[in-house]
Amino acid sequence: MAATDGAGSIAGDLPSPPFILVPGLPNFRDAGGYEIVSDSPSVTSTQGKGRTKMIRKGVLFRSSEPSRLTDDGAAQLSQQLGIRMVYDLRSTVEITRGLDSKHGFPIREWEGSERRFVPVFLDQDYSPEALAVRYKNYAAESAEGFIEAYKDILAAATDPSNEFQPFKTILGHLAAVPDASSSPVPSPCLVHCTAGKDRTGVIVALALSLCGVPDEAVVHEYNLTEIGLRSRLEELVKHVSSNPQIGIDVEGARRMIGAKKEAMLGTLAHIRTQYGSVEQCVIDLGILTPEGIAQLRKNLIVEADEDEVVHWQQHDDKLRL
């Protein structure tokens with residue numbers, strides 16, 4: 001019998017890894033397992049297997065918002081996967097206005113995990129003018145609209161007026177220096193916004209890029225949201241297209257919920273054009289210091305057998321369905 005995602009939809013066609021079936025939590029996946037680009041030649045283990053380097057699994061997870069997470073799903077996150085920190089990138093206005101107008105999703109908290117409120121956009125970003133520009137970018141037919149929107153996300157997340165500093169907080173967690181009483185590995189964390197696509201996608205892309213995951217794998221990881229959200233696609237399209245505050249039609253809503261590779265590829269290209277490198281971008285914006293980037297890599301990069309890495313090229317058939 002095929003497994004479902006808690007909302008009655010078949011989830012058996014999702015590649016695992018990286019997807020993990022959690023009841024009531026679509027688009028949940030591990031951002032680890034991706035191979036690191038290195039100039040060093042691969043080595044061979046004593047068993048004759050090729051050795052490589054990859055992003056540590058079981059540390060950085062991502063998903064859509066968890067309002068429909070079941071009790072069994074919550075236990076799976078906190079007890080089986082050990083997720084202690086949940087970073088919510090949504091704003092207070094986004095949550096409360098959505099619920100008041102019946103177009104939103106309630107906050108979901110559960111025992112064993114702490115919800116950390118780290119909004120990318122502050123309340124003042126939700127003026128009608130700001131909303132119109134942002135959603136116009138998202139609904140545009142070309143990737144340029146998304147690239148502009150992702151530039152706004154990066155700027156808002158690192159603006160000095162944003163006291164929550166979401167990207168600095170999340171990457172700081174992953175780059176924490178262990179002490180004698182703690183695990184040498186950062187505690188597992190979950191990052192989400194509403195769909196788990198845009199704000200979540202930018203921070204995950206930064207983390208993977210800083211560790212040396214090649215662009216083609218980073219944008220593929222982002223693109224996986226297209227199949228991760230299939231079980232909620234029609235619900236999210238209706239949620240967006242019927243919201244008078246957004247003001248876009250069904251086709252615009254479908255484009256808005258998409259996660260085309262060109263959008264993230266263009267965003268990474270913009271970062272390198274403006275800052276020279278992803279590392280310099282993170283330093284210039286005050287997200288991490290050079291020492292913090294080095295510690296992030298120390299925490300997240302591990303040696304592994306080649307059969308342990310995520311062979312993401314094999315996912316293409318599922319993405320074309």
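Begin at the largest pocket, which holds about 380 Å³ of space. To find its centre, select Glu226, Arg254, Gly258, Ala259 and Lys260, the closest to that point among the 20 residues of the lining. Keep in mind that the model on screen is predicted.

Next, colour the lining of the largest pocket by class. Ten of its residues are nonpolar, three are polar and seven are charged. Then show the helices around it. H4, helix H8 (225-228) and helix H10 (250-257) each give at least two residues to the lining of the largest pocket.

Stay with one of these helices and select residues 143-158, which form H4. Helix H4 has 16 residues, and the distance from its first C-alpha to its last is 23 Å. The expected value, at 1.5 Å a residue, is 22 Å, and the helix comes close to it. Now pick out the buried residues of H4. Among them are the aromatic side chains Phe146 and Tyr150. The buried set also includes Gly145, Ile147, Ala149, Ile153 and Leu154, and Ala156, Ala157 and Thr158 belong to it as well.

The last stop is Pro17, in the segment before strand E1 (29-30). Is Pro17 buried or partly exposed? Its relative accessibility is 43%, so Pro17 counts as partly exposed. Select Val310 and His315 too: Pro17 touches both, leaving aside residues up to four places away in sequence. Finally, put a distance label between the C-alpha atoms of Pro17 and Gly33; the label should read 8.3 Å, for two residues that are 16 residues apart along the chain.

Methods. Residues are numbered from 1 along each chain as its sequence is written. This is a predicted model: local features need pLDDT of at least 70, side-chain atom pairs count only at pLDDT 80 or more; totals for chains, interfaces and linings use all residues. Side-chain values use heavy atoms; hydrogens and water are left out. Helices (H or I, at least four residues) and strands (E, at least two) are DSSP runs, numbered from the N terminus. The expected span of a helix is 1.5 Å times one less than its number of residues. Buried means under 20% relative accessible area, exposed over 50%, partly exposed in between (1.4 Å probe, protein chains only). On a 1 Å grid over the protein atoms alone, a cavity is a set of points where a 1.4 Å probe fits but cannot get out, and a pocket is an open set with protein on both sides within 12 Å along at least five of seven lines; lining residues have an atom within 4 Å of a point. Grid points are joined across faces, edges and corners, and a volume is the space filled by probe spheres set on the points. Ala, Val, Leu, Ile, Met, Phe, Trp, Tyr, Cys and Pro count as nonpolar, Asp, Glu, Lys and Arg as charged, and the others, Gly among them, as polar. Contact means heavy atoms within 4.5 Å.
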